[in-house]
Amino acid sequence: MTPESLNARLDNYRDLVFRVDEMCRRIEETLGPEVTCTRGCDGCCRHFSLFPVEAVALAAALRNLPSPEVDRIRVRARTALPDGSCPLLEEHCCLLYPARPLICRTHGLPLLVNRDGERRVEYCPLNFRGVSSLPGSAVIDLDRLNETLVAVNLLFATPSGLTSSLPERFTIAEALLLETSLP
């Protein structure tokens with residue numbers, strides 16, 4: 001796959017990332033100082049799994065870095081533990097922050113989730129201390145976001161029959177070791 005065709009295949013995902021970033025920006029503006037997540041706050045930076053579209057987008061972003069950085073990150077990826085910290089986490093900062101997956105972009109913000117048939121709002125316990133309620137416009141419906149991501153992933157994988165040749169999920173380390181020359 002040429003870089004141009006790969007970029008075209010990632011357009012839907014990049015559009016979703018743009019919309020999620022805008023939504024997160026509005027939430028952070030609305031809630032202001034109640035959002036304490038800042039550079040260096042890494043308690044939620046775990047080794048998550050990703051859909052193929054996110055894995056390929058992360059791999060493509062990695063390939064845009066200088067070779068020494070790519071090599072260093074790939075060494076980290078090869079030694080990453082599946083249940084450990086994110087292999088992109090170094091000195092409390094993300095090495096590919098602009099290309100971070102959606103889960104990382106929304107972490108810590110108010111998320112409407114379904115747990116055991118009950119809908120409730122969850123967020124980082126360091127955020128919103130002393131806040132008794134949150135405006136509905138500042139809550140991300142996680143089911144809706146995930147459904148959109150599933151649809152974007154399907155659009156990404158379907159045109160070339162990738163759905164049968166790709167795993168259903170990749171760890172972040174696997175994504176960092178992925179070659180982006182897909183069929």
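## Arg105 and its surroundings

In this predicted model, Arg105 touches Val17, Val20, Asp21, Cys24, Tyr97, Pro98, Ala99 and Arg100, when residues up to four places away in sequence are not counted. Arg105 belongs to helix H5, which spans residues 102–106. With a relative accessibility of 8%, Arg105 counts as buried, because the cut-off for that class is under 20%.

One of the residues touched by Arg105, Pro98, also takes part in a polar contact: a polar atom of the Arg105 side chain lies 2.7 Å from the backbone oxygen of Pro98.

## The largest pocket

The largest pocket holds about 640 Å³ of space. Its lining comprises 28 residues, of which Thr38, Cys41, Tyr97, Arg100 and Cys104 are the closest to the centre. Two or more lining residues come from each of H2, E3 and H5. Helix H2 provides the largest share of this lining, with 4 residues.

Tyr97 and Arg100 thus appear twice in this account: both are touched by Arg105, and both are among the residues closest to the centre of the largest pocket.

## Ile27 in helix H2

Ile27 is located in helix H2, which covers residues 11–31. The relative accessible area of Ile27 is 2%, so this residue is buried.

Beyond its neighbours within four places in sequence, Ile27 is in contact with Leu109, Pro110, Ser137, Ala138, Val139 and Ile140. The pair Ile27 and Ala138 is separated by 111 residues in sequence, yet the C-alpha to C-alpha distance is 4.9 Å.

## Strands E4, E5 and E6

Strand E4 (residues 111–115) pairs with strand E5 (residues 118–122) in the antiparallel sense, over 5 bridges. Within this pairing, Leu111 has Glu122 of E5 as its bridge partner. The hairpin of E4 and E5 has 2 residues between the strands, and Asp116 in this hairpin takes a positive phi near 55°.

E4 also pairs with strand E6 (residues 140–141), here in the parallel sense and over 2 bridges. Leu112 is bridged to Asp141 in E6. Ile140, within the range of E6, is one of the contacts of Ile27.

## The loop between E2 and E3

Two residues with positive phi values lie in the loop between strand E2 (89–90) and strand E3 (93–94): Glu91 and His92. For Glu91, phi is near 50°, a positive value in a residue other than glycine. His92, likewise not a glycine, has a positive phi of about 70°.

The two residues fall into separate accessibility classes. Glu91 has a relative accessibility of 71% and therefore counts as exposed, whereas His92, at 48%, counts as partly exposed.

## The largest nonpolar core

The largest nonpolar core contains 49 residues, and Leu58 and Leu176 touch the most other members. Two or more residues of this core come from each of H2, helix H3 (52–63), helix H4 (67–78), E4, helix H6 (142–157) and helix H8 (172–176). H3 gives the most, with 9 residues.

When neighbours within four places in sequence are left aside, Leu58 is in contact with Leu50, Leu88, Leu96, Ala99, Ile172, Ala175 and Leu176. The contacts of Leu58 therefore include Leu176, the other residue that touches the most members of this core. Ala99, a further contact of Leu58, is also touched by Arg105. Helix H2 contributes both to this core and to the lining of the largest pocket.

Definitions and conventions: Residues numbered from 1 in each chain as written. Predicted model: local features only at pLDDT ≥ 70, side-chain atom pairs only at ≥ 80, totals over all residues. Heavy atoms only, no water. Buried < 20%, exposed > 50% of the residue type's maximum accessible area, 1.4 Å probe, protein only. Pairing = 2+ DSSP bridges. Contact = heavy atoms within 4.5 Å. Polar contact = N/O pair within 3.5 Å; in protein donor to acceptor, adjacent residues only side chain to side chain. Core = buried A, V, L, I, M, F, W, Y, C linked by side-chain atoms within 4.5 Å. 1 Å grid on protein atoms, 1.4 Å probe; cavity = no way out; pocket = protein on both sides within 12 Å on 5 of 7 lines; lining within 4 Å. Points joined across faces, edges and corners; volume = space filled by probe spheres on them.
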